[in-house]
Amino acid sequence: NSTIELPLCVRPEYNMASRGPRRTAGSHLHVCVYGSSSNFTPKKYLDAAFDVGRLLAEGNHVCINGAGATGCMGALNRGCCSHGGRVIGVIHEKMVDGGAAEGVELQVAKGNTLEERKRMLQEPADCFIALPGGPGTFEELWEVASLELLGILGRSRPVCVLNTDGYYDGFVQQLTRAWDENLLRRRPAEWIKFVSTPAEAVAYVVAESGRRIEPMDFSAAGRAKLPSRL
């Protein structure tokens with residue numbers, strides 16, 4: 001992967017390929033944040049995104065995101081960098097000309113799809129926060145949420161959704177229905193968390209990162225089990 005040199009927020013010695021062992025609960029984390037890049041994102045969502053960035057900086061956590069200068073991503077990056085935080089921005093090579101946020105370490109993904117970019121966002125992350133966004137944010141959110149649901153990694157990389165002003169209420173309703181109709185084998189609250197405030201979002205992922213989880217049982221016996229509704 002090629003790298004474009006931009007001003008760094010802090011710690012220029014950081015190397016994505018050699019970041020060391022996965023963090024444990026309570027230590028400084030690499031937090032991947034998804035969110036809108038639209039210029040027309042409402043102010044209430046921008047304010048929440050800015051606060052997430054500020055809180056990550058104050059906790060000395062590394063913020064990883066799509067490097068956007070606008071929308072929730074832009075507000076997130078401004079909040080983090082303006083408070084002395086560190087931002088890793090992963091952008092596709094075909095989007096570089098569209099501009100990236102100032103003050104980020106820019107990692108450039110190549111290829112004709114977004115798969116490499118998603119991999120570069122996910123791999124170094126200890127946890128995930130989703131801000132209000134569109135289809136791209138939805139797709140990224142549900143991919144990491146599915147990994148958490150399946151428990152394939154054997155450890156938790158918690159997924160938290162910042163449900164500002166009820167933006168994601170529809171997702172909550174859909175998951176509730178899926179659980180009620182036996183389409184899920186783990187309660188939604190076990191693998192995805194919806195919260196109302198930036199402080200709750202950051203507190204949740206910090207507390208839950210590194211927790212051990214049991215992989216889903218894919219044996220015939222395991223598949224035959226229905227989830228308990230007790």
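## A guided tour of the predicted model

Residues 24 or more positions apart account for 75% of the protein's contacts with a separation of 6 or more. The model under view is predicted. With the whole chain displayed, the secondary structure amounts to seven helices and eight strands. Of the 230 residues in the protein, 47% are buried. Switching to a surface representation shows an accessible area of about 11200 Å², and carbon and sulfur atoms contribute 55% of that surface.

**Stop 1: N65.** Select N65, in strand 3 (residues 62–65). Its relative accessibility is 0%, so N65 counts as buried. Display the surroundings of N65, omitting neighbours within four places in sequence: the contacts are V33, M73, L76, N77, V87, I88, G89, V90 and L121.

**Stop 2: A67.** Proceed to A67, in the loop between strand 3 and helix 2 (71–81). A67 is buried, because its relative accessible area is 1%. The backbone deserves inspection here: A67 is not a glycine, yet its phi is positive, near 75 degrees. Most residues other than glycine have a negative phi.

**Stop 3: R117.** Select R117, which belongs to helix 3 (residues 115–122). Is this arginine, R117, buried or exposed? With a relative accessibility of 10%, R117 counts as buried, because the cut-off for that class is under 20%. Apart from residues up to four places away in sequence, R117 touches G66, V90, I91, H92, A109 and E140.

**Stop 4: W191.** Select W191, in the loop between helix 5 (169–180) and strand 8 (193–195). W191 has a relative accessible area of 4% and is therefore buried. Which residues does W191 touch, if those up to four places away in sequence are not counted? They are W142, A145, E148, L149, V159, L175, L184 and R186. Two of these partners merit a distance label. For R186, the backbone oxygen lies 3.1 Å from a polar atom of the W191 side chain. For V159, the C-alpha to C-alpha distance to W191 is 6.9 Å, although the two residues are 32 apart in sequence.

**Stop 5: D165.** Move to D165, in the loop between strand 7 and helix 5. D165 also has a positive phi, of about 55 degrees, although it is not a glycine. At 57% relative accessible area, D165 is exposed, whereas A67 is buried at 1%.

**Stop 6: helix 6.** Select residues 198–208, which form helix 6, and colour its buried residues P198, A201, V202, Y204 and V205. Viewed down the axis of helix 6, the buried residues fall within an arc of 160 degrees, so they line one face of the helix. What covers this buried face? The cover of the buried residues of helix 6 includes helix 1 (43–58), strand 6 (127–130), strand 7 (159–162) and strand 8. Helix 6 is followed by G210, where phi is positive, near 90 degrees.

**Stop 7: a surface patch.** To finish, restore the surface and select L147, I152 and L153, which make a nonpolar surface patch of about 270 Å². Within this patch, L147 is found in helix 4 (residues 135–150). L147 counts as partly exposed because its relative accessibility is 33%, which lies between the limits of 20% for buried and 50% for exposed.

Key:
Residues are numbered from 1 along each chain as its sequence is written. This is a predicted model: local features need pLDDT of at least 70, side-chain atom pairs count only at pLDDT 80 or more; totals for chains, interfaces and linings use all residues. Side-chain values use heavy atoms; hydrogens and water are left out. Patches are made of residues with over 30% relative accessible area and no salt bridge: like charges are joined within 9 Å, nonpolar side chains (Val, Leu, Ile, Met, Phe, Trp, Tyr) within 5 Å. Accessible areas come from the Shrake-Rupley method with a 1.4 Å probe; for residues, only the protein chains shown count as cover. A salt bridge is a side-chain nitrogen of Lys or Arg within 4 Å of a carboxyl oxygen of Asp or Glu. Helices (H or I, at least four residues) and strands (E, at least two) are DSSP runs, numbered from the N terminus. Buried means under 20% relative accessible area, exposed over 50%, partly exposed in between (1.4 Å probe, protein chains only). Contact means heavy atoms within 4.5 Å. A polar contact is a pair of N or O atoms within 3.5 Å; within protein, one must be able to donate a hydrogen and the other to accept it, and residues adjacent in sequence count only if both atoms are side-chain atoms. The arc is that of the directions from the helix axis to the C-beta atoms.
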